[in-house]
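Reader: Before we discuss any details, could you show me the sequence together with the model?

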Amino acid sequence: MSVATCPGCVAHPEEKAAQIANAIGRRLIFSLPGVHCAGCIGKVERGVSELSGVLEARLNLSQKRLYVDADPNLSDLIINRLASFGYTAHGLDQDILQKGRDPAGRALLLRLAVAGFAMMNVMLLSVSVWAGAEGETRNFLHWVSAFIALPTVAFTATPFFTSGMAALRHARLNMDVPISLAIVLATVMSLFETWAGGEDAYFDAALSLTFFLLLGRYLNHRTRMAARSAALELAALETKTALRKGRTLETVPIENLVPGDVVLVQPGMAVPVDGTVHKGSSDLNKSLLTGESLPEAVEPGAQVFSGTLNLTGPLEIRVTGDAGDSLLRQITELVSLAEAAKSRYTGLAERAAAIYAPMVHLVAFLTFVGWIWVTGDLRLSLNIAVAVLIITCPCALGLAVPAVMTAAVSRLFQAGALVKDGAAIERLAEVDAVVFDKTGTLTVGTPRLAPDTPDQTLITAAGLASGSAHPLSRAIAEAAQERGLGPSQIGSVKEHAGRGVEGTLDGRQIRLGRAQWLGINSSDTDSVQSWLQVGDADPVALNFVDPLRSDAADTIKTLQSSNLPVTMLTGDRMEVARPLAQKLGIERVDAGVLPEEKLNVVKDHSPRALMVGDGLNDAAAMSGAFVSIAPASAIDATRATADIILLGNSLNEIPRAIRLARQARRRILENFSIAALYNLVAIPLAIAGFASPLAAAIAMSSSSIIVSLNALRLMRSQA
Amino acid sequence: MTAMLYLVPISLILGGIGLAAFFWTVRNDQYDDAKGNSMRVLDDEYDDHPKQ
C-alpha cells in the first residue's frame with residue numbers, strides 16, 4: 001500500500017473502493033470510437049473521474065473502450081459528460097463482452113513464449129556445435145538441447161498435433177500434418193542421433209519450426225479475435241430496455257416482454273419491439289428500416305417496427321411478438337437465406353495448403369526411397385528425408401498470410417475501417433464493381449431545407465418548428481440558424497402528431513405541416529414538402545432535399561478512375577434518384593428496387609460486387625454480396641452483416657480500403673513467391689543431402705524473416 | 001569443458017527467470033493496450049505512480 005503524504009488522502013480511496021465494489025461488484029464499459037491520442041486519455045479519464053461516485057476510469061486506447069468503476073446508475077451521466085468533451089460514447093453490455101474473453105489466445109501466447117525461449121537456448125548450444133565442438137563436448141551439448149527440446153515440443157506443438165490428428169481422422173491432409181510430421185520426426189531422429197553419439201541433431205530446427213509456425217498461428221488468431229470482438233461489441237451495443245406499462249411504469253429488458261404487454265415510447269426514443277399502436281399518435285422515423293428519409297405518421301392500430309424512432313408524440317405500443325409479417329423478421333429471413341446461398345470463399349492460404357501439403361510428403365518420401373535404393377543405409381536415408389521435411393516445412397507459408405492480414409487489419413483500423421472478417425480483405429481485393437445504396441449512404445439521410453425559401457417564410461416557420469423533433473422541423477430551424485435569422489416568437493404552440501404544428505403570431509393563427517392537414521392536394525410533387533399557412537392566406541410550400549454527403553462525389557470519381565463501375569441502388573423512385581446520380585457521375589441507376597430484389601440486382605451486376613449500404617433494407621443484399629461495407633451510422637442489423645464498418649463515417653475510406661486490400665493481396669502473393677523461390681533452391685540441396693542443421697536453420701529463419709518484413713511494409717503504406 | 005557444467009544451468013536459470021517474468025506480464029493484462037501505454041508514458045500525470 002502506498003503511504004499517503006497528505007492527511008486528505010488518507011485511507012479515503014481504499015474505503016471508497018471497497019464500498020463501491022461491494023455495492024456493484026462490476027464495472028461499466030463504454031465504447032468510444034472517437035479517441036485517438038495521448039490527449040484523449042488524460043481528458044477522458046480526468047473528466048470522468050471527477051464525477052462523484054466514480055472511483056476509477058481507465059481508457060484502453062487499443063480497444064477504444066473506457067472502463068469505469070462506478071455505480072451503474074451513473075451510466076447516463078458519464079455518457080453526457082463524455083459528450084460534453086466531444087466524444088460519442090455507447091454503453092456496452094458487460095455480460096456479452098465477457099464471452100469475448102480469449103483464453104485460447106493467451107494459451108497460444110504462452111506457448112509462443114516457451115517455444116521462443118527454448119529455441120534461443122538451443123540455438124546458442126547449436127552454434128557451439130557448428131563452431132566445431134567435437135566428441136564428448138558435442139554429445140553433452142546435444143543432451144542439454146534434448147533436455148530442453150523434448151518437454152518444449154511436447155507442450156508447445158500440441159495445437160499442430162491435435163489439428164493434424166483431426167484431419168487424418170477424417171482421412172484428409174491439412175497443413176498441420178506435414179508440420180506435425182516434421183516436428184516429431186526431427187525430434188525423434190535427433191534424439192536417436194544424440195543417443196548414438198551422431199554428428200547432426202535437428203533440435204534447433206524442430207524448435208524454430210514450432211516457434212515460427214506458432215507465431216503465424218497467433219497472428220491469425222489475433223486477427224480473428226479482433227473481428228469477433230468487433231462483432232461482440234456490436235451485439236453488446238444492442239441491449240435494449242423498454243418502459244413497460246402495468247400498474248406502474250417499469251424498465252425491463254426487451255427479451256422479458258411478452259405479446260400483449262404495453263410499452264410506452266416517449267418522443268426521441270427508439271421503438272424497442274414490433275407491435276401495434278395502442279394509444280397516441282406520432283411520426284416515426286423509419287429511415288433505418290426502409291431507407292426512406294421522411295417520417296411516417298402513425299395512429300392507433302398502425303403497425304410499428306423495432307428500429308424506428310419516435311419523433312413527435314408519446315406512443316403506447318402493444319407488443320405483438322414475432323408476428324410473421326413483421327418487416328424486421330422478413331428481412332432477417334432474407335439475410336439468412338442470402339447467407340446460406342453464399343458460396344464459401346476459399347482463402348489464398350487454404351488454396352496454397354491444398355497443393356503444398358501432399359507435395360511435401362511426396363518429396364520427402366521419394367527422397368527416402370531414393371537414398372535407400374542408392375546407398376541402402378537406413379539411418380542416412382532417414383536423416384536426409386527428415387532434413388527434406390524440415391526444409392520444406394511451410395514456415396514462410398504459415399507466416400505469409402497471417403502476417404499480411406495482421407498488418408492490413410491494423411492499418412485499416414488506424415484509417416477508421418473496422419474489418420470484421422480477415423478473409424474480407426482478400427475478397428475486397430478482388431472486387432470488380434461497387435453498388436451504393438442511396439439514402440443514408442450517398443446522401444446524408446436527413447432532409448435539409450432547399451435554399452429557395454424566402455427569409456420571411458423561414459423566420460415564421462422556424463418559430464413554429466423550433467420546439468419540434470420532427471426532422472423537417474429540425475431542418476427548418478437549422479436553416480434559419482445558418483442564415484443567421486432569429487425565429488419569430490410564436491404563442492401557444494401546439495404539435496399535432498402526424499400532422500404538423502400550429503400557433504399564433506400577431507393574433508393570426510399559423511400552421512405548418514403536411515399538405516393534407518392544410519387541405520391541399522399535392523400528391524403530384526417529387527420533392528418532399530411542408531406547408532406554411534399564415535392566417536387565411538394561401539399556404540406556401542417549403543421544399544426539402546436530402547443532400548449528398550460531402551465526400552460522395554470524390555469517392556465515386558476515385559472508384560471510377562480505378563476501373564470500378566459504380567451503381568446506385570435505391571428503393572426510391574427514378575425521378576428522385578436520377579438527378580442525384582447525374583450529379584455524382586453515376587451512369588447506372590436501379591431505382592424502385594424492393595429489399596428482397598436488391599440482392600438479385602447486386603448479383604446480376606457482378607458476382608464480385610462490393611455493396612455499400614446502411615439500412616435494414618440493404619441487409620440481405622449486403623450479406624449476399626461478395627463483400628460489404630457499412631458506415632458507422634448504419635442500423636445494428638446491417639452493421640452485423642457487413643464485413644467492414646467505417647468508423648469515421650467517411651466514404652473516402654472505401655477506395656482507400658480497396659487499395660489497401662489490393663496491396664495486401666499483392667504482398668501475400670509476393671510472400672508465396674518468396675516461399676516458393678526458397679523451396680526451389682533449398683529442396684534440391686536437401687534432397688542431395690547437403691542440408692546440414694546449420695543450413696536448415698539459416699534458410700528457415702531468413703525466409704521467415706523476409707516474409708514478415710515484407711508484410712510489415714503494409715503498415716507504412718500511404719493508401 | 002567443466003565450466004559448461006555450471007555455466008549452462010546458470011544460463012538456463014537466468015533465461016527461465018525471464019520467461020517467468022513474461023508469464024507474469026501476460027497474466028497481468030499488460031499487453032491489453034499497447035497503443036495506450038505507449039502514450040501514457042508521455043503523460044505528466046503518471047510520473048510518480050498511477051493516479052488513484
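Reader: Which residue in the turn between β2(A) and β3(A) has a positive phi?

Author: The model is a predicted one, and in it β2 (residues 54-60) of chain A and β3(A) pair in the antiparallel sense over six bridges, with A:Glu56 having A:Asp69 as its bridge partner. The two strands form a hairpin with four residues between them, and the turn residue with a positive phi, of about 55 degrees, is A:Lys64.

Reader: Is strand β3 (residues 65-70) of chain A largely enclosed or not, and why?

Author: Besides β2(A), strand β1 (residues 28-31) of chain A pairs with β3(A) in the antiparallel sense, over four bridges, and A:Leu28 has A:Val68 as its bridge partner there. In a regular strand the side chains alternate between the two faces of the sheet. From β3(A), A:Arg65, A:Tyr67 and A:Asp69 point one way, whereas A:Leu66, A:Val68 and A:Ala70 point the other way, and all are buried. Because six of the six residues are buried, β3(A) is, with respect to the rest of the structure, largely enclosed.

Reader: Which strands stand at the edges of the open sheet that contains β9 of chain A?

Author: Three strands of chain A form this open sheet with antiparallel pairing, in the order β10-β9-β12, and β9 (residues 282-285) pairs with β10(A) over three bridges, A:Ser282 standing opposite A:Val298. Each edge strand has a single partner, so one side of each is left without a neighbour in the sheet, and these edge strands are β10 (296-298) and β12 (309-310).

Methods
Residues are numbered from 1 along each chain as its sequence is written. Chains are lettered from A and ligands numbered from 1 in the order in which they are written. This is a predicted model: local features need pLDDT of at least 70, side-chain atom pairs count only at pLDDT 80 or more; totals for chains, interfaces and linings use all residues. Side-chain values use heavy atoms; hydrogens and water are left out. Two strands pair if DSSP finds at least two bridges between them. Buried means under 20% relative accessible area, exposed over 50%, partly exposed in between (1.4 Å probe, protein chains only).
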